[in-house]
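Biologist: I would like to go through the side-chain contacts here with you and ask what stands behind each label. Shall we look at the structure together?

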Amino acid sequence: MIRPAQKHDAKKLSELMYIIWHDMELPIVVNNDKDTVLKVIEQSMVEGNYRNHFKHIHIFEVEGELAGFINCYAGDDELQLEKNWHDIHFDQSFILAGTPLSEQEAESGDLYIESIAVFSEFRGRGIASKLIDYTFNHAKSLGFNQVSLNCEVDNEGAMKLYQKLGFEPSHDKILSGHDYKYMVKAV
């Protein structure tokens with residue numbers, strides 16, 4: 001079952017988001033301990049309308065358990081969402097100059113999939129594909145003509161999945177020192 005995320009999901013969601021941020025080698029993860037970063041991510045999901053705020057996230061549940069999520073928002077909103085980081089009064093002290101994701105990832109006019117993740121015990125069940133298909137329908141209902149995402153060039157499995165779902169590479173991006181393909185699909 002796919003449903004909108006709620007505030008009470010933030011603790012579990014922060015575990016998956018941490019994996020993504022860790023893989024991206026974001027400075028907040030590199031310069032702080034895991035427990036601190038998990039608490040910061042969790043708080044940013046419920047306060048301040050940051051880009052990973054729960055209202056941008058849809059959850060896939062299996063028998064009432066959070067199995068995975070997809071986080072998407074209008075590309076036009078990305079810069080403001082990132083600035084909203086400064087509106088959060090964090091309970092934790094942490095080391096970070098600026099904001100976690102200061103580079104522009106999305107293009108204007110797109111419904112941008114910022115992140116998608118599935119807990120390891122639920123992988124191989126088509127959950128990521130179902131979340132992306134859901135997002136195509138969600139994008140149509142919101143009036144978007146295109147859905148986009150960034151895929152790390154070295155992630156061959158993800159690249160194959162996205163192409164199977166109809167995404168096509170548009171152009172190259174470098175984010176957090178990693179090479180990505182900006183991929184798009186018309187809806």
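Modeller: Gladly! This is a predicted model. Let us begin with K173, which lies over the face of Y182, 5.2 Å from the ring centre.

Biologist: What makes K173 count as lying over the face of Y182?

Modeller: The distance from K173 to the ring centre of Y182 is 5.2 Å, and the cut-off is within 6 Å, together with a position within 35 degrees of the ring normal. K12 gives a second case: its charged end sits over the ring of F119, 4.7 Å from the centre.

Biologist: Back to the rings themselves. How many aromatic pairs are there?

Modeller: The count comes to eight aromatic pairs.

Biologist: Why is the pair of Y112 and Y182 called stacked?

Modeller: The ring centres of Y112 and Y182 are 6.4 Å apart, and their planes meet at 5°. Pairing needs centres within 6.5 Å, and stacking needs planes under 30 degrees apart, so the pair is stacked. Y112 belongs to strand β4 (residues 111-118) and Y182 to strand β7 (residues 178-186), so this contact links distant parts of the chain, 70 residues apart. Y112 and Y182 are both buried.

Biologist: And what makes Y162 and F167 edge-to-face?

Modeller: Their centres are 6.0 Å apart and the angle between the planes is 70°; the label asks for over 60. Both Y162 and F167 are buried. Ring pairs also link Y50, W85, F90 and F94 into a cluster.

Biologist: On to charges. How do you know that R3 and E61 form a salt bridge?

Modeller: The closest N and O atoms of R3 and E61 are 3.0 Å apart, and the cut-off is within 4 Å. R3 sits in strand β1 (residues 2-4) and E61 in strand β2 (residues 57-62), with their positions 58 residues apart in the chain. A search of the whole structure finds nine salt bridges.

Biologist: Why are R3 and E61 called buried?

Modeller: R3 has 12% relative accessibility and E61 has a relative accessible area of 15%. Buried means under 20%, so both values qualify.

Biologist: Which salt bridges does R51 form?

Modeller: R51 pairs with E78, with the closest N and O atoms 3.0 Å apart, and with E105, where that distance is 3.4 Å. E78 is in helix α4 (residues 78-83) and R51 in the loop between α3 (34-46) and β2, so the first bridge ties together parts 27 residues apart in sequence. E105 lies in the loop between α4 and β4, so the second ties together parts 54 residues apart. Shared partners join R51, E78, E82, E105 and E114 into one network.

Biologist: Are E78 and R51 buried or exposed?

Modeller: Buried: E78 has 0% relative accessibility and R51 has 1%, against a limit of under 20%. E105 is buried as well.

Biologist: Finally, how do you know that C72 is in no disulfide?

Modeller: The nearest cysteine sulfur to that of C72 belongs to C151, and it is 17 Å away. A disulfide needs sulfur atoms within 2.5 Å, so the sulfur of C151 is too far for a bond. The count comes to zero disulfides. As for burial, C72 counts as buried at 6% relative accessibility, and C151 is buried with a relative accessible area of 1%.

How values were computed:
Residues numbered from 1 in each chain as written. Predicted model: local features only at pLDDT ≥ 70, side-chain atom pairs only at ≥ 80, totals over all residues. Heavy atoms only, no water. Helix = DSSP H or I, 4+ residues; strand = E, 2+ residues; numbered from the N terminus. Buried < 20%, exposed > 50% of the residue type's maximum accessible area, 1.4 Å probe, protein only. Salt bridge = Lys/Arg side-chain N within 4 Å of Asp/Glu carboxyl O.
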